[in-house]
Each structure stands twice: as C-alpha cells, then as structure tokens.
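Let's take a walk through this structure together, one stop at a time. Have the sequence and the 3D view ready.

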Amino acid sequence: MNDMTPPAVRRSVADIEALFALPFADLLFQAQTVHRAHFDPNRVQLSTLLSIKTGGCPEDCGYCPQSARYDAGVENQGLLDLDAVLAAARAAKAAGAQRFCMGAAWRGPKQRDLEPVLDMVRSVRALGLETCATLGMLKDGQAEQLKAAGLDYYNHNLDTAPEFYGEIITTRDYQDRLDTLERVRHAGLHVCCGGIVGMGESRTQRAGLIAQLASLDPQPESVPINLLVQVEGTPLAGTEALDPLEFVRTVAVARICMPQSFVRLSAGRQQMSDAVQALCFLAGANSIFYGEKLLTTGNPAWERDQRLFETLGLTPL
Ligand code: SAM
Ligand code: DTB
Ligand code: SF4
C-alpha cells in the first residue's frame with residue numbers, strides 16, 4: 001500500500017452482520033467483484049509453515065495442541081537448529097512456495113531465544129524466500145531486531161471477537177495482542193493477522209472478529225482465516241463443526257471488508273473438500289498454507305494442491 005491508497009471503509013459489527021445475512025449468491029458476487037478490482041482472481045500466494053519450536057507452551061489457548069496444559073500428544077521440543085530450518089526452507093522453495101513462515105510455541109521470545117531466530121531469518125531470506133515469523137507477544141525493540149534481520153512479515157492473530165475471547169484464552173488479553181500488532185507495524189514489518197472460526201462462536205462474533213481486523217489501520221497485508229482444527233485433548237475438541245458454507249461466507253465478508261489484503265484460506269483445508277475450497281477462492285481467498293504440515297497438524301500434500309490448482313486454473317503468484 002502507498003500514500004495514494006484510499007482509506008478502507010470502516011464498518012460496524014451490524015453492517016458486517018448484514019453482509020453475512022445476504023443471499024449466498026449476492027454475497028459471493030459482491031466479494032468476487034471487490035476481489036477483481038484489486039487482484040488477479042486466478043493467482044494465489046503460497047506460504048509454507050515450519051514449527052521451529054514445538055510444544056510445551058505456557059499459554060492456555062483452548063484450541064491449541066501445543067499448550068503444556070493439555071494432553072494432545074505433542075512433545076515439548078527444543079528450538080530446531082539452523083540446518084534443519086534451511087533444509088525445510090529449500091524444500092518449500094523447490095515446491096514453489098513464496099514465503100516461509102517460522103512458528104514457535106512461546107508466550108513470547110526471550111532475548112536468548114530471539115538471537116538464533118534472527119540467524120534463521122537472515123539465512124532463509126538469503127535463499128530468496130519472503131520471511132514470516134510467529135513467535136508470540138513481542139516486547140519493545142524485538143520487532144525492530146526482526147526487521148533488521150530481514151523479516152518481511154510477522155504473524156500475530158486476534159483469533160476471535162473481543163466478546164468471545166475470554167472463553168478461549170485467559171493467559172493474555174486482547175489488548176496484549178493489539179499492543180504486539182502495534183509494535184510490529186511501528187517497526188515497519190508487514191502485518192499478518194487473522195483468526196479462527198468454528199470455535200463455537202456466534203455469527204455476530206464472527207462479524208466482530210472481522211470488524212476488529214478491518215479496523216486495524218492500516219489493514220493487515222495478510223489475513224489468515226483458520227477453521228478450527230480439532231485436536232483430541234484440547235478443550236475445544238468436540239465443538240460442533242461449522243457449516244462449510246458459513247466458512248465460505250466468512251471468507252467472502254473478510255474479502256469485502258479488507259479489499260487490499262491477501263485473505264488466506266488457512267488451517268482446516270485438509271478436512272475440506274475441493275468444492276468448498278473452490279468456493280473459498282471464488283469468495284476472494286487468494287493465499288494458502290502450502291505443504292504437508294501446518295505446525296503440528298496435517299495439511300494437504302503438495303501434489304493434491306498442485307492438482308487442485310490445475311483443476312481450477314489457478315497459478316501461484
Ligand atoms: N505461540 C505464538 C502465538 O500464539 O502467538 C505463535 C504460534 S500460534 C500456534 C499461531 C496461531 O495458530 C494462533 O494464534 C492460532 O490462530 C492458530 N492456531 C493454533 N492452533 C490452531 C488450531 N487447532 N486450529 C486453527 N488454528 C490454530
Ligand atoms: C495462522 O493463522 N495459522 C497457522 C499460522 N498462522 C501460524 C497455524 C495453524 C496451526 C494449526 C494447528 C497446528 O498445526 O498445530
Ligand atoms: Fe502457545 Fe501460541 Fe498455542 Fe497459544 S496458540 S498455546 S501461545 S503456541
């Protein structure tokens with residue numbers, strides 16, 4: 001975005017709920033129209049994830065298999081070494097990924113944690129990949145260090161609407177998340193910020209999440225919309241599944257409210273049919289997580305996505 005970019009329209013939760021309530025075809029038409037005004041509708045951005053530090057997290061996010069508080073079968077592992085990260089980054093690049101996103105199961109990085117991550121960022125960038133990291137909450141100065149190492153994007157999600165948030169996480173509050181996002185923006189990093197649906201929230205709360213994301217100023221460059229991956233042992237396992245068409249509606253509403261953002265069809269694709277994914281692309285999704293694993297759970301194999309792209313006539317950015 002540059003100085004010529006017009007400010008995005010700010011919408012109330014009620015206005016966003018009215019978008020959700022449109023007839024499906026009207027909603028998709030509106031989303032597709034907005035999408036075509038800002039993007040080539042047949043191109044998709046590809047990000048590959050790697051968990052560089054898995055499990056043992058002190059936080060209590062009710063959806064997350066990496067919290068030490070739940071028994072979801074995820075072992076607490078140390079930080080990966082640089083060679084392992086570089087091997088995964090090279091494989092991602094060879095498969096056609098454009099961005100490599102490194103995730104750590106931390107509340108936030110300590111300075112001694114950050115140093116090796118800065119090396120990873122520098123080395124991954126030297127391969128010619130865009131870099132992204134998601135390390136939890138950042139303290140003053142940490143976003144600047146990441147930026148100086150060559151980090152392009154920082155992912156930090158709002159996860160859900162403020163009104164539902166307390167049912168999902170108690171160890172950090174909404175304002176902590178907004179503060180980290182502010183530090184990221186202030187350091188000149190691109191912001192990747194989205195949320196999760198299918199956690200038992202109401203439609204009003206889905207609208208509330210999108211209202212919050214769309215009110216960030218400037219809006220995030222990248223907006224991951226995750227469908228809850230239910231992992232046995234986490235408190236949210238057994239939640240009633242979200243209707244897939246309601247997921248498609250959520251993507252369409254995100255596209256309309258954040259016209260210039262990359263909207264990423266994120267976690268939950270492995271459980272989704274090709275037809276539902278095709279509707280998500282029609283609704284304005286133009287990015288995916290690409291590669292057989294998310295952080296600890298599965299994602300479609302490279303080949304399945306390549307076939308889907310061929311079927312739909314989509315090409316990587
Ligand atoms: N630990 C850091 C943090 O939470 O700030 C970074 C990694 S964390 C795993 C990144 C994001 O993954 C979470 O904010 C959440 O939106 C998403 N996530 C985690 N578990 C998920 C699940 N089971 N289903 C869908 N999304 C999930
Ligand atoms: C995001 O919004 N989704 C990704 C990424 N940012 C870090 C993570 C999804 C995690 C799904 C559960 C898992 O694999 O552990
Ligand atoms: Fe920890 Fe992040 Fe999982 Fe929350 S989402 S438990 S902070 S790894």
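Our first stop is Asp40, which you will find in the loop between α2 (24–38) and β1 (43–53). Please keep in mind that this is a predicted model. Is Asp40 buried, partly exposed or exposed? Asp40 counts as partly exposed because its relative accessibility is 42%, and that class runs from 20% to 50%. Now look at what its side chain does: a polar atom there lies 2.9 Å from the backbone nitrogen of Asn42. For a sense of scale, find Arg183, which is 143 residues away from Asp40 along the chain. The C-alpha atoms of Asp40 and Arg183 are separated by 31 Å.

From the loop, let's move on to the ligands, starting with ligand 1. Ligand 1 sits in the largest cavity, and 16 residues surround it. Which of them come nearest? They are Tyr63, Ala104, Asn157, Asp159 and Val229. By class, the shell around ligand 1 holds nine nonpolar, five polar and two charged residues. Several polar contacts are worth picking out on your screen. On the backbone side, an N or O atom of Ala104 lies 3.1 Å from a nitrogen atom of ligand 1, and a polar backbone atom of Trp106 is 3.2 Å from a nitrogen atom of the ligand. Arg172 contributes through its side chain, where a polar atom lies 3.1 Å from an oxygen atom of ligand 1. Taken alone, ligand 1 exposes 560 Å², and the protein buries 90% of that.

Next comes ligand 2, which sits in the largest cavity. Among the residues around ligand 2 are Leu49, Pro65, Thr134, Pro224 and Phe289. Its shell has six nonpolar and six polar residues, with no charged ones. Two asparagines reach ligand 2 with their side chains: an N or O atom of Asn155 is 3.3 Å from a nitrogen atom of the ligand, while a polar atom of Asn157 lies 2.9 Å from an oxygen atom. Leu295 takes part through its backbone, with a polar atom 3.0 Å from an oxygen atom of ligand 2. Taken alone, ligand 2 exposes 410 Å², of which the protein buries 88%.

Our last stop is ligand 3, and where does it sit? Ligand 3 sits in the largest cavity. The residues surrounding ligand 3 include Cys57, Cys61 and Cys64, along with Glu59 and Arg172. Its shell divides into six nonpolar residues, one polar and two charged.

Key. Residues numbered from 1 in each chain as written. Chains lettered and ligands numbered in written order. Predicted model: local features only at pLDDT ≥ 70, side-chain atom pairs only at ≥ 80, totals over all residues. Heavy atoms only, no water. Near = heavy atom within 4 Å. Polar contact = N/O pair within 3.5 Å; in protein donor to acceptor, adjacent residues only side chain to side chain. Areas by Shrake-Rupley, 256 points an atom, 1.4 Å probe, with all protein chains shown as cover. 1 Å grid on protein atoms, 1.4 Å probe; cavity = no way out; pocket = protein on both sides within 12 Å on 5 of 7 lines; lining within 4 Å. Sits in = over half its atoms within 2 Å of the grid points. Nonpolar A, V, L, I, M, F, W, Y, C, P; charged D, E, K, R; others polar. Helix = DSSP H or I, 4+ residues; strand = E, 2+ residues; numbered from the N terminus. Buried < 20%, exposed > 50% of the residue type's maximum accessible area, 1.4 Å probe, protein only.
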